[in-house]
Amino acid sequence: GISLSPLIDSQDEYQKAVAIICGSGLGMLADALSNQDAFKYSEIPGFPHSTVQGHAGRLVFGELRGKTCVCMQGRFHMYEGHSLCKTTFPVRVFKLLGVDTLIVTNAAGSLDDSLRPGDIMILKDHINFPGLCGLNPLCGPNLDRFGPRFPAMSGCYDAGLRRIAMEIGKQLGVAEVMTEGVYAMVGGPNFESIAEARLLHRLGVDAVGMSTAPEVVVATHCGLRVFGLSLITNKVVKSYDDPEAVDHEAVLAVGRRRAQTLQSLVMELVARFKCVVYFAILVPKRDFGSGF
Ligand SMILES: O=P(O)(O)O[C@@H]1C[C@H](O)[C@@H](CO)O1
Ligand SMILES: Nc1nc2[nH]cnc2c(=O)[nH]1
């Protein structure tokens, strides 16, 4: 098999690749990749395991519109019991593989009444609630090889990619279900109480979920360009008179309903990336060398 170490030692000689992290029920984004080669997380030394329904637990390599792409079919969440270092470990692996752009996706509940299930929210910014309280994957000794001790987070969601995504939305005829907004990460795994929902709403949160922000923090720290989107899967209940209650199956069902649109959006976005192509990334064949 091919060892990954040549990629790590001389990544500048290789094509810059794109990484995609699929949110709950959004693993079908990997289906868009051609020339696929997939690895179960359980086969990859050092990788955590996926335990959540709707997260297949596979790392899929392939091509998307001629660009080299690696896709996480399933992410890791803090509430699964993983440390934040573990949940964000793949982001640093991507950096070492020569990835320069990270696309993060998630399923989220809306706090703003104008955002309905099935809508797509482009992340303009986030509130990292665990991070504000010191639960941050960058805590501990700084690894200078990846980035600075005190990274800026203003502008962590690339403005150019956000603009292009909205343009693509218009071309695909889905602009009316697309908007920009602020995502908040809470720890989970329970969904919000009504008082919590009201608090988040008053704080200016548009959509809430249980992931993404730590990945974006680590990606920004190591200089990756980031694009994020939330698929709005449910309304967060904000009234004591509302009998509705969200459940994970309903979250996954909205993902299935929007699969085609999300695939088209991500494919068109990647098609517009400016990548200098030297060589295709070497897809490792079940031998991860000693670097991992
Ligand atoms: O991985 P994401 O953030 O898309 O998953 C969301 C948050 C919970 O893991 C799950 C709740 O249904 O969906
Ligand atoms: N915290 C949270 N995460 C979600 N993921 C999908 N929907 C929701 C929600 O309503 N709240």
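This dialogue walks through how to read several features of a predicted model, from its strands and core to its ligand shells.

User: Before anything else, what conventions apply to this model?

Analyst: Residues are numbered from 1 along each chain as its sequence is written, while chains are lettered from A and ligands numbered from 1 in the order in which they are written. The model is predicted, and for that reason local features need pLDDT of at least 70 and side-chain atom pairs count only at pLDDT 80 or more, whereas totals for chains, interfaces and linings use all residues.

User: How many helices and strands does the protein chain have, and what share of its residues is buried?

Analyst: Helices (H or I, at least four residues) and strands (E, at least two) are DSSP runs numbered from the N terminus, and the protein chain has eight helices and nine strands. A residue is buried if 20 or more other C-beta atoms lie within 10 Å of its own, exposed if 12 or fewer, and partly exposed in between, with C-beta atoms placed from the backbone; on that basis 43% of the 292 residues of the protein chain count as buried. Contacts, meaning pairs whose C-beta atoms, placed from the backbone, lie within 7 Å, can be sorted by sequence separation: among those between residues at least 6 apart, 83% join residues at least 24 apart.

User: Which strands does β5 pair with, and in what sense?

Analyst: Two strands pair if DSSP finds at least two bridges between them. In a regular strand the side chains alternate between the two faces of the sheet. Here β5 (residues 99-110) is joined to β9 (residues 225-235) by 10 bridges in a parallel arrangement, with Val104 opposite its partner Gly228. The pairing of β5 with β1 is also parallel, over five bridges, and Val99 is the bridge partner of Ala17. By contrast, β5 and β8 run antiparallel and are joined by two bridges, Ser110 standing opposite Ala207. Burial fits into the same picture, since 11 of the 12 residues of β5 are buried.

User: Which residues touch the most other members of the largest nonpolar core?

Analyst: A nonpolar core is a set of buried Ala, Val, Leu, Ile, Met, Phe, Trp, Tyr and Cys residues joined through C-beta atoms within 7 Å. The largest one holds 72 residues, of which Val18, Ile20, Val70, Cys71 and Leu102 touch the most other members, and β5 gives it the largest share, six residues. Leu102, with neighbours within four places in sequence left aside, is in contact with Ala19, Val91, Phe94, Ala219, Leu224 and Val226.

User: Why is helix α6 described as largely enclosed?

Analyst: Nine of the nine residues of α6 (residues 213-221) are buried, so the helix is largely enclosed by the rest of the structure. Among these buried residues are Glu215 and His221, and the helix is followed by Gly223, whose phi is positive, near 80 degrees.

User: Which residues are closest to each ligand?

Analyst: A residue is taken as near a molecule if its C-beta atom, placed from the backbone, lies within 6 Å of it. Ligand 1 is surrounded by 13 residues, the closest being Gly23, Ser24, Asn106, Ser211 and Val251, and the shell divides into four nonpolar, eight polar and one charged. Ala, Val, Leu, Ile, Met, Phe, Trp, Tyr, Cys and Pro count as nonpolar, Asp, Glu, Lys and Arg as charged, and the others, Gly among them, as polar. Around ligand 2 there are 15 residues, the closest being Ala107, Gly109, Val208, Gly209 and Val236, and β5 supplies the largest share of that shell, three residues.

User: Which positions does UniProt list for "binding site", and how should they be read?

Analyst: UniProt positions use the numbering adopted here, feature names are shortened, and annotations may be inferred rather than shown by experiment. The unreviewed entry lists Ser24, His55, Arg75, Phe76, His77, Ala107 and Ser211. They span 188 residues in sequence, yet no two of their C-alpha atoms are more than 13.6 Å apart, so they gather at one spot. Ser24, in the loop between β1 and β2, is buried with 26 other C-beta atoms within 10 Å, and its contacts beyond four places in sequence include His55 and Ala107. Ser211 lies in the loop between β8 and α6, and its contacts beyond four places in sequence include Arg75 and His77.

How values were computed:
Contact = placed C-beta atoms within 7 Å.
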